[in-house]
Amino acid sequence: MQVVKFMFQPHGDDRGQLIALEEMIDIPFKIKRVYYMYDTKEGVVRGYHAHKSLEQILVCIHGSCKVRLDNGKEKKVVLLEKPYEGLYIANNIWREMYDFSSDAVLLVFASELYNEDDYIRDYNEFLNFIDNESRAN
Ligand code: T46
């Protein structure tokens with residue numbers, strides 16, 4: 001499984017850094033939703049699901065966290081700790097976010113509005129889903 005990370009261009013000057021993200025340019029889809037998580041308690045693992053069609057870019061704009069990606073065959077762990085780094089997560093990838101530092105702010109750009117029907121929250125259901133998808137293609 002290939003981990004896709006985007007390095008965003010900081011516009012730095014004497015005052016500090018600024019990053020601007022535009023849809024279809026820096027973010028490879030039209031941004032329909034932005035959300036972020038913060039104040040995540042120690043030891044918490046979030047996620048435990050995949051999406052049928054949603055694509056996302058995760059940016060840990062403050063602090064750090066890890067993301068476990070699983071395509072049903074292979075697992076990869078990605079450390080997010082740079083505000084100029086974005087992790088792309090395609091559809092059909094199981095994700096778990098953990099090891100949040102107490103100051104972590106995880107910002108997410110999503111290609112779709114919130115839709116609970118797009119979630120697969122059961123791991124065996126996820127494996128069946130991707131199996132069926134690969135047979136259909
Ligand atoms: C994902 C990972 C990276 C909403 O009402 N609207 C929203 O847009 C979102 C994302 C969540 N919610 C509600 C639904 C739940 O009651 O906020 C609550 C927490 O959501 P959830 O348990 O799904 O959060 P995570 O951290 O497990 O997963 C989230 C996203 O839901 C998911 O799409 O890929 O972050």
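In this predicted model, a polar side-chain atom of Tyr-35 lies 3.2 Å from an oxygen atom of the ligand. His-49 makes a similar approach: an N or O atom of its side chain is 3.3 Å from a ligand oxygen. For Tyr-119, the distance from a polar side-chain atom to an oxygen atom of the ligand is 2.5 Å. On its own, the ligand has 650 Å² of accessible area, and the protein covers 68% of this.

The ligand takes up the space of the largest pocket. Three elements each give two or more residues to the surrounding shell: β2 (33–38), β3 (46–51) and β8 (94–98). The largest contribution comes from β3, with four residues. In total, 13 residues surround the ligand. The closest are Arg-33, Arg-46, His-51, Gln-56 and Tyr-119. The shell is mixed in class, with five nonpolar, four polar and four charged residues.

Aromatic contacts were searched across the whole structure, and five pairs were found. One of them joins Trp-94 and Tyr-123 in an edge-to-face arrangement. The ring centres are 5.1 Å apart, and the planes meet at 85 degrees. Trp-94 belongs to strand β8, whereas Tyr-123 belongs to helix α1 (residues 123–136). The pair therefore ties together parts that are 29 residues apart in sequence. Strand β8 thus appears in both settings: it gives residues to the ligand shell, and it holds the Trp-94 side of this aromatic pair.

Technical notes: Residues are numbered from 1 along each chain as its sequence is written. This is a predicted model: local features need pLDDT of at least 70, side-chain atom pairs count only at pLDDT 80 or more; totals for chains, interfaces and linings use all residues. Side-chain values use heavy atoms; hydrogens and water are left out. A residue is near a molecule or strand if one of its heavy atoms lies within 4 Å of it. A polar contact is a pair of N or O atoms within 3.5 Å; within protein, one must be able to donate a hydrogen and the other to accept it, and residues adjacent in sequence count only if both atoms are side-chain atoms. Accessible areas come from the Shrake-Rupley method with a 1.4 Å probe; for residues, only the protein chains shown count as cover. On a 1 Å grid over the protein atoms alone, a cavity is a set of points where a 1.4 Å probe fits but cannot get out, and a pocket is an open set with protein on both sides within 12 Å along at least five of seven lines; lining residues have an atom within 4 Å of a point. A molecule sits in a cavity or pocket if more than half of its atoms lie within 2 Å of its grid points. Ala, Val, Leu, Ile, Met, Phe, Trp, Tyr, Cys and Pro count as nonpolar, Asp, Glu, Lys and Arg as charged, and the others, Gly among them, as polar. Rings of Phe, Tyr and Trp (its six-membered ring) pair if their centres lie within 6.5 Å; planes under 30 degrees apart count as stacked, over 60 as edge-to-face and the rest as tilted.
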